[in-house]
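Got a minute to walk through a fold together? Here it is.

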Amino acid sequence: QVQLVESGGGLVQAGGSLRLSCVASRRTFSSYAMGWFRQAPGKEREHVASINWSTGSTSYSDSVKGRFTISRDKAENTVYLQMNSLKPEDTAVYYCAGRGAGIPWDRGSWGQGTQVTVSS
């Protein structure tokens, strides 16, 4: 399993921006995809964005499309989530995850999470 460490969370006003980072402990050449998920209090964890490590193709949830951008730096084994035009409903713990081809996300590697709080 790859160790993933997130950073970049914090408190921001509505309309502001944050960039989350997730560093993998070793080369992720075996990872098929990396993703960001979030879980708000009392809600289920939801997919936010994901990226194919090899091709760079991306996928976003409808709730963040046009506001968030996922990217990766292969040389630094890092995946980013640029979050713009933040809304109070974006408040959640954000988790970074990685999985191999054909492996469900919940059986992949997960970070410890970073809190994002958006004030109105």
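What follows is a short chat about a sheet and some salt bridges.

This is a predicted model, where local features need pLDDT of at least 70, side-chain atom pairs count only at pLDDT 80 or more, and totals for chains, interfaces and linings use all residues. Residues are numbered from 1 along each chain as its sequence is written, and side-chain values use heavy atoms, with hydrogens and water left out.

Visitor: Which strands stand at the edges of the open sheet?
Guide: Strands here are DSSP runs of E, at least two residues, numbered from the N terminus, and two of them pair if DSSP finds at least two bridges between them. Four strands line up antiparallel as β1-β3-β8-β7. Two of these have a single partner strand each, so one side of each lacks a neighbour in the sheet: β1 (4-7) and β7 (68-73).

Visitor: Is D90 buried or exposed?
Guide: Buried means under 20% relative accessible area, exposed over 50%, and partly exposed in between (1.4 Å probe, protein chains only). D90 has 0% relative accessibility, so D90 is buried.

Visitor: Which residues do salt bridges join into one network?
Guide: A salt bridge needs a side-chain nitrogen of Lys or Arg within 4 Å of a carboxyl oxygen of Asp or Glu. D90 meets R67 at 2.8 Å, N to O, and R38 meets D90 at 2.9 Å. R38 and D90 are 52 residues apart. Through shared partners, the network takes in R38, E46, R67 and D90.
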